[in-house]
Amino acid sequence: MSDDINPSTPAHGGRRYQLADLTMAAGVPWFAVHVSDESGHTSSWIIRGELDGEHLRLQPQVWVPDAIQAIVSDSDGQVWAITSEDELITNTDLGQVAGWRQVTPHPQLNARDEWYSRTLGYVATDGQSVELAECLCWASDGLLIGTFSRRLYRWTSGDVARLEHDDHIVGTLGGVNNIVQTQDAIYALGYAGLILRRPVGGTWHRIDGPWPTEAGAFINMIAGVEGPRGELWAIAAGGSVVSVAGDVTRTIAQVPGEPLGITRFQRQWFVSTLDGCYELPGDGDTVLIKRDILMGKSIDAGNCLIAVDAEPQHADHAQVHLWLRTRNRDAWLRPIICRA
Amino acid sequence: MNSSFAAMTLMRNAYEAALRAPSDAVAQAAFVAAHQAQQHTFVDSFDVAGITYPRTDGHTLSEREAREVISRILSNPAYSVSDLRPSVIEAAYPLQADVLRAEIEATVARADKINGLDWRTDALDASTKQAMRELLRMPTLAGGYKIISQVRSAANAQVLNIYRGYDADHLIPDKALRGSLHRGQSFSLDQSYATFMQDSQNRGSQHKFVTDAQKHTRKRLRGDPTLLAKNPTTGEYLEHVLEWMTHVYTTADLGVDVAVRNSGLANSDEFKRFNVKGFALAQAGFMTWNERKSVGRAVAMVLLIEAREFYTAAGWPMDRELPLFYDVPSTVTQQPVPVT
């Protein structure tokens, strides 16, 4: 038989691109893209985007030798990313600050931002621990890092991030998926039914979700966003949309698809799922906006909504869905972020 | 009997009536109307020995998927009610009488027995292996149409190739065994067994979970990066694999695996539109969480025992060193700039 179904046969000389994360900074979208080389090693690109009419202008900025786990912006519009090997990377000008190294500029790129990096350690009460970063969020008191062991760390400066909250339970896997800031609190969402809340000036405490105790360990909270009245709206694997106001949680809608993202966009709320895009009018209903596209995490980019394309047309493409909605245009586009 | 089961009964009666009288427009319309009215009604709890157990989102996947496909069929004028297989109606609208406690309890009893084994030394008898496979109806074969047709025709499925992994019938990705983070097969529709997900993105998805579980395990096994790396044995590594596989099988959405149309899956187009592909543990959705955990672990255990037997037979014993770290380059070269 000549049928070769060997799944490890790589395409295009073995180099493949995959979108890892996206964020808004200084009014434009930024993308972290993984590139897997012939040997299977994953490194990453940070790519800046800018919408010009219907065309997404893309500008590769910097290459880093490991997998970027998350990318966010701070209140100054600067970009921060963290890798699986605990490198913190930013385009903030930290050239004069001890401990930061300038990332070697790529020889084929010129006139780009200067990027700096340093290696972080994770320090808990009993010393250094091995952690895999999952998500980031800039709060007023520093950079919050959620990890695969369901711990939260906070970094302000120097080479260590310190333990903020520990939800790790031996034998329960799955990490923190998202950290969300609302006007009066910060929330951390994750596996094992994790909903943590830290009110302004307060401390972290766990909030019970609207499910029976027995089910808690198996619930997976994926992402959240601030709702219309300052509460948190969060999505859980399976499709529940949960509202968290103070310590009160309730299920406010059920999306008929596997949800992966939730975002506010032009004063409406949307859940992106593997079946398409749904609007949450807030009355318990869900309204199908776009059918049969596979959407991952989505962000509000002003006159467009940008979501990860969970099924790009080719294996070596990193692609997004882009919903452009302006006064005179309403269109769904599918730009390619990069390819081999 | 709770009221949602009553709604299911109504639905099934409407189906019977429509099926009996294919030319009766009233009966046909009544079924369509009933489907529209009930498609968001789910059985939200079930009783076991007098105790009421709630169902959660992950439990209702099979109903949601099957109903979605019924809607798709009904919205197409080329098809009618008689095109639907009875099995898809049964999956979409389960009855109280369909909940086979005896079957579930037998499954859990078998699972508990399996969980008492030591995967590194114990063997399984053929009937247990077969029973678990029946239970599983594995998603590896429920992938893209192309893969399935290739696998069907591939006579070389048993050819030993350690780097290909223990072929399609289990969920330890071959790359996971090598500790590589570069998994093929899940990039695009044509390649995947989980057609919709990429590995690097989609926080909260099983793929991202498995990817991060591997990264995390690798980091923990690596230990202090300033010291010389020591590779684990294959057995030591698989000990970790067992943990994340247990998690995957316990929390996987439970869906049935049914063909929707009587004509079967005639071509790839039909397949994409009308196949409900599933990951079906017995009586999907009517097990308690603790029962699911027991069964999930047993599935992982069986697959791991089979993998061990396969690798041992292929001349790769469990005490052999797994080359996790040998290929880490000490110097990095920048990747070429991608095409944007």
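**A:R154 has A:R162 in β15(A) as its bridge partner.** The two arginines belong to a pairing of strand β14 (residues 151–155) with β15, both of chain A, which runs in the antiparallel sense over four bridges. Helices (H or I, at least four residues) and strands (E, at least two) are DSSP runs numbered from the N terminus, and two strands pair if DSSP finds at least two bridges between them. The model is a predicted one, in which local features need pLDDT of at least 70 and side-chain atom pairs count only at pLDDT 80 or more, while totals for chains, interfaces and linings use all residues. Residues are numbered from 1 along each chain as its sequence is written, and chains are lettered from A and ligands numbered from 1 in the order in which they are written. Four residues separate β14(A) from β15(A) in a hairpin, and A:G158 in the turn has a positive phi of about 80°. Strand β15 (residues 160–166) of chain A is also joined, by three bridges, to strand β10 (residues 121–124) of chain A, and these two run parallel. In that pairing A:V160 of β15(A) stands opposite A:G121.

**Strand β3 (residues 42–52) of chain A is mostly covered, with eight of its 11 residues buried.** A residue is buried if 20 or more other C-beta atoms, placed from the backbone, lie within 10 Å of its own, exposed if 12 or fewer, and partly exposed in between. Strand β2 (residues 28–36) of chain A is joined to β3(A) by seven bridges and runs antiparallel to it. Within this pairing, A:R48 of β3(A) lies opposite A:W30. Strand β4 (residues 55–64) of chain A is likewise antiparallel to β3(A), through nine bridges. A:D52 stands opposite A:H55 in β4(A). β3(A) and β4(A) form a hairpin with two residues between them, and its turn contains A:G53, with a positive phi of about 65°.

**Four strands of chain A form an open sheet in the order β20-β21-β22-β23, with antiparallel pairing.** Strands β20 (221–226) and β23 (248–254) of chain A are the edges, each pairing on one side only. Neighbouring strands of the sheet are turned by 25° against each other on average, direction ignored. Axes here are lines fitted to C-alpha atoms, for helices over the stretch in contact, and angles run from 0 to 180 degrees between N-to-C directions. Strand β22 (residues 240–245) of chain A pairs with β23(A) in the antiparallel sense over six bridges. A:S240 has A:Q254 in β23(A) as its bridge partner.

**A:Q266 and A:R267 occupy the loop between β24 (259–265) and β25 (268–273) of chain A.** Most residues other than glycine have a negative phi, and most peptide bonds are trans. In contrast, phi of A:Q266 is positive, near 50°, and phi of A:R267 is positive, near 60°. A:Q266 is partly exposed, because 13 other C-beta atoms lie within 10 Å. A:R267 counts as exposed, because it has 6 C-beta neighbours inside 10 Å.

**Helices α9 (residues 206–222) and α10 (residues 234–251) of chain B pack at an angle of about 160°, with their axes 11 Å apart.** The angle makes α9(B) roughly antiparallel to α10(B); angles under 35 degrees count as roughly parallel, over 145 as roughly antiparallel, 65 to 115 as roughly perpendicular and the rest as oblique. Their crossing is right-handed, meaning that the near helix is turned clockwise from the far one by less than a right angle, whereas an anticlockwise turn is left-handed. B:Q206, B:V210, B:A213 and B:T217 of α9(B) make the contact with B:H240, B:W244 and B:V248 of α10(B). Two residues are in contact if their C-beta atoms, placed from the backbone, lie within 7 Å. The contact residues comprise four nonpolar, three polar and no charged. Ala, Val, Leu, Ile, Met, Phe, Trp, Tyr, Cys and Pro count as nonpolar, Asp, Glu, Lys and Arg as charged, and the others, Gly among them, as polar.

**B:L84 lies in the loop between α3 (61–74) and α4 (86–92) of chain B.** This leucine counts as buried because it has 24 C-beta neighbours inside 10 Å. The C-alpha atoms of B:L84 and B:V69 are separated by 9.6 Å, the two residues being 15 residues apart along the chain. Chain B as a whole has 12 helices and four strands, and 44% of its 340 residues count as buried. Of the contacts in chain B with a separation of 6 or more, 73% are between residues 24 or more positions apart.
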